Amino acid sequence: MNFRHAPQVWSAFPELVCGVLHATGVTPAVDVGPLLARHTDTARARLAAGPEGGFPEIQAWRRAFARMGLPPTRYRCAAESLLRRFRRDGALPRLHPLVDLGNALSLGYAVPVAVLDVERIAGDLAVRPATGEETYLTLGGGEDERPEPGEVIFADSAGRAHSRRWTHRQSGWSAVRDDTTEVLVIVEALHDGAAEAVPRMLGELSSALADRWRVPARTAVLTADAPAFSVARATAG
């Protein structure tokens, strides 16, 4: 399996920094609680100084959504949605230890993090404009949608959309479950400090996988000149 962004995405958003991580051997029987507090504390301190809409990381995604023709306060990147929920509730629900860690990193860095079950991805995965023929399963798992033609999505070779409106909303189809063992984690940032933040985030995830799950991880930072990340599947896709 290859993961990549289409040339149109790199051309429209040359400021994009994308980090990718692949790991096999993930289980739900891991305690990541001590790893979450630092990032939630960081988010809480930043939010005490002002709402998430003023964060430079979030402003960069709002500008990107506006350039895609999406009202940026109607369609928000996943990091902004998490921060809004955290600001309202003071905590996030616990779902799966790796997802919880990804959400905590997303809060602390104000950067979208997608955690996908590799076994639920057919063939290759590309961030590209939709044709309008793809299908998307809502995160609750109860409804199929069709992305609009030209909408930026995560699309696999079978025409299934694993996200809508780029980093706005992940699909329920490839959401991590208790029986997930192989994951692809995608970190995308557009702000001025992204070139430093994204590798740090990958490093923290890799360290957690080694320390808590006792499994290695492969990582890469993609560019327009080196846009692809190859995954040798442990499971059939």
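**View 1. The second largest pocket of this predicted model holds about 180 Å³ of space.** The model is predicted. Fourteen residues line the second largest pocket. Nearest its centre lie Leu36, Thr40, Ala91, Leu92 and Arg94. Two elements, helix H2 (33-49) and H5, each give two or more residues to the lining of the second largest pocket. By class, this lining divides into seven nonpolar, four polar and three charged residues.

**View 2. His39 sits in helix H2.** His39 counts as buried because its relative accessibility is 3%, and the cut-off for buried is under 20%. Leaving out residues up to four places away in sequence, His39 touches Ala104, Leu105, Leu107, Gly108, Tyr109 and Glu204.

**View 3. The largest pocket holds about 750 Å³ of space.** Its lining comprises 28 residues. Closest to the centre of the largest pocket are Ala78, Leu82, Asn103, Leu139 and Gln170. Helices and strands both contribute to this lining. Helix H4 (78-89) and helix H5 (97-109) each supply at least two residues. So much is also true of strand S3 (113-117), strand S8 (160-164), S9 and S10, each with at least two residues in the lining. The lining of the largest pocket has 17 nonpolar residues, eight polar and three charged.

**View 4. Ser171 lies in the loop between strand S9 (169-170) and strand S10 (182-189).** Ser171 has 0% relative accessibility and therefore counts as buried. A polar atom of the Ser171 side chain lies 2.9 Å from the backbone nitrogen of Trp173. Neighbours within four places in sequence aside, the contacts of Ser171 are Tyr136, Leu137, Leu139, Ala161, His162 and Ser163. One of these, Leu139, is also among the residues closest to the centre of the largest pocket.

**View 5. Arg165 and Trp166 occupy the loop between S8 and S9.** Arg165 is not a glycine, yet its phi is positive, near 50°. Trp166 is not a glycine either, and its phi is positive at about 60°. Arg165 has 12% relative accessibility, so Arg165 counts as buried. Trp166 has 1% relative accessibility, so Trp166 counts as buried.

**View 6. Strand S2 (residues 17-24) is mostly covered.** Seven of the eight residues of S2 are buried. S2 pairs with S10 in the antiparallel sense, over eight bridges. S2 is also joined to strand S11 (residues 217-222), again antiparallel, by six bridges. Leu21 shows both pairings. Its bridge partner in S10 is Val185. In S11, Leu21 stands opposite Thr219.

**View 7. Strand S7 (residues 152-156) is largely enclosed by the rest of the structure, because five of its five residues are buried.** Val152, Phe154 and Asp156 point one way from S7. Ile153 and Ala155 point the other way. The residues of both sets are buried.

**View 8. S7 pairs with strand S4 (residues 125-129) in the antiparallel sense.** Five bridges join S4 to S7. One pair can be followed residue by residue: Arg128 has Ile153 of S7 as its bridge partner. Ile153 is buried and points the other way from Val152, Phe154 and Asp156.

**View 9. S7 and S8 form a hairpin.** Two bridges join S7 to S8, and these strands run antiparallel. Ala155 has Ala161 of S8 as its bridge partner. Three residues lie between S7 and S8. In the turn, Gly159 has a positive phi of about 80°. Ala161 also appears in the view of Ser171, as one of the contacts of Ser171. S8 itself supplies at least two residues of the lining of the largest pocket.

Terms used. Residues are numbered from 1 along each chain as its sequence is written. This is a predicted model: local features need pLDDT of at least 70, side-chain atom pairs count only at pLDDT 80 or more; totals for chains, interfaces and linings use all residues. Side-chain values use heavy atoms; hydrogens and water are left out. Helices (H or I, at least four residues) and strands (E, at least two) are DSSP runs, numbered from the N terminus. Buried means under 20% relative accessible area, exposed over 50%, partly exposed in between (1.4 Å probe, protein chains only). A polar contact is a pair of N or O atoms within 3.5 Å; within protein, one must be able to donate a hydrogen and the other to accept it, and residues adjacent in sequence count only if both atoms are side-chain atoms. Contact means heavy atoms within 4.5 Å. On a 1 Å grid over the protein atoms alone, a cavity is a set of points where a 1.4 Å probe fits but cannot get out, and a pocket is an open set with protein on both sides within 12 Å along at least five of seven lines; lining residues have an atom within 4 Å of a point. Grid points are joined across faces, edges and corners, and a volume is the space filled by probe spheres set on the points. Ala, Val, Leu, Ile, Met, Phe, Trp, Tyr, Cys and Pro count as nonpolar, Asp, Glu, Lys and Arg as charged, and the others, Gly among them, as polar. Two strands pair if DSSP finds at least two bridges between them.
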